[in-house]
Amino acid sequence: MIGSSVYEPSTSASWRVALPHTTAAVPVARALVRTALAERQHSADRETAELLTAELVANAVEHTSGGHPIELVVELLPTGCQVEVHDADPEPPGDLTRPTRGEPDPWQEHGRGLLLIRALSSSCGHRPTASGKAVWFRLPAVPRQRRPD
């Protein structure tokens, strides 16, 4: 007999958290995403969600002015999860939705974050907000394998 005791999320949940405009925001954001996915028993890939969240937050901290906090928005839906990072800079992130020409320089420390976001998310993008922009990615819910009782 095939068991059906595995919880599949049927409702949505969301979190919105202001983070400091410092590198200390990166581990806090990762922990929030990890905890949200675990507590809701969501089936989106947790490690990928944490990695991509860290990239978005690190980019916001590094590439925008530090006068305003950044904001992390996590939405868990039955079909997957969406993570957004809001910052006060209206300038869109470079090359998020279109491939760059050539490979990143293997000797450079930077330049792979947006590539990772494009490659590992089901979709990604940016949009203007009233106070700057939001950069986001989506990950699909992964169907859980049913186990015998």
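**Strand E3 and the packing of helices H2 and H3**

Let me begin with Gln82, whose place is in strand E3, and let me say at once that everything I describe today comes from a predicted model. With a relative accessible area of 10%, Gln82 is buried, because anything under 20% is counted that way. Its side chain makes two polar contacts that I would like you to find on the screen: one with the side chain of Glu84, at 3.1 Å, and one with the side chain of Arg138, at 2.5 Å. If we leave aside the neighbours within four places in sequence, Gln82 is in contact with Val73, Val74 and Glu75, and also with Trp136, Phe137 and Arg138.

From there we can move along to Glu84, which also lies in strand E3, the stretch of residues 80-87. Is Glu84 buried or exposed? Its relative accessibility is 6%, so Glu84 counts as buried. Besides the contact with Gln82 that I have just mentioned, the side chain of Glu84 is joined to that of His86 by a polar contact of 2.8 Å, and to that of Arg127 by a polar contact of 3.0 Å. Once residues up to four places away in sequence are set aside, Glu84 touches Glu71, Leu72 and Val73, then Arg127, and finally Ala134, Val135 and Trp136.

The third residue I want to show in strand E3 is Asp87, which is buried, with a relative accessible area of 6%. What does the side chain of Asp87 reach at 2.9 Å? It reaches the backbone nitrogen of Asp89, and the side chain of Asp87 also makes a polar contact with the side chain of Lys133, likewise given as 2.9 Å. Asp87 and Glu71 are separated by 16 residues in sequence, while their C-alpha atoms are 6.7 Å apart in space. Without its neighbours within four places in sequence, the residues in contact with Asp87 are Ala60, Thr64, Ile70, Ser131, Gly132 and Lys133.

Let me now turn to the helices, starting with H3, which covers residues 113-120 and in which Gly113, Leu114 and Ile117 are buried. Those residues span an arc of only 100° around the axis, and therefore they sit on the same side of H3. As for what covers them, the list includes helix H2, residues 46-63, together with strand E4, residues 123-129, and strand E5, residues 132-140.

How do H2 and H3 pack, in terms of angle and axis separation? The angle between them is about 145°, and their axes are 10 Å apart, with H2 passing H3 in a left-handed crossing. On the H2 side, the contact is made by Thr48, Leu51, Leu52, Glu55, Leu56 and Asn59, and on the H3 side by Gly113, Leu114, Leu116, Ile117 and Leu120. Sorted by character, the residues of this contact divide into 7 nonpolar, 3 polar and 1 charged.

I will finish with a detail of the backbone, in the loop between helix H1, residues 25-39, and H2, which is where Gln41 is found. Although Gln41 is not a glycine, it has a positive phi, of about 50°. With a relative accessible area of 40%, Gln41 is partly exposed, because that term is used for values between the 20% limit for buried and the 50% limit for exposed.

Technical notes
Residues are numbered from 1 along each chain as its sequence is written. This is a predicted model: local features need pLDDT of at least 70, side-chain atom pairs count only at pLDDT 80 or more; totals for chains, interfaces and linings use all residues. Side-chain values use heavy atoms; hydrogens and water are left out. Buried means under 20% relative accessible area, exposed over 50%, partly exposed in between (1.4 Å probe, protein chains only). Helices (H or I, at least four residues) and strands (E, at least two) are DSSP runs, numbered from the N terminus. The arc is that of the directions from the helix axis to the C-beta atoms. Contact means heavy atoms within 4.5 Å. A polar contact is a pair of N or O atoms within 3.5 Å; within protein, one must be able to donate a hydrogen and the other to accept it, and residues adjacent in sequence count only if both atoms are side-chain atoms. Axes are lines fitted to C-alpha atoms, for helices over the stretch in contact, and angles run from 0 to 180 degrees between N-to-C directions. A crossing is left-handed if the near helix is turned anticlockwise from the far one by less than a right angle, and right-handed if clockwise. Ala, Val, Leu, Ile, Met, Phe, Trp, Tyr, Cys and Pro count as nonpolar, Asp, Glu, Lys and Arg as charged, and the others, Gly among them, as polar.
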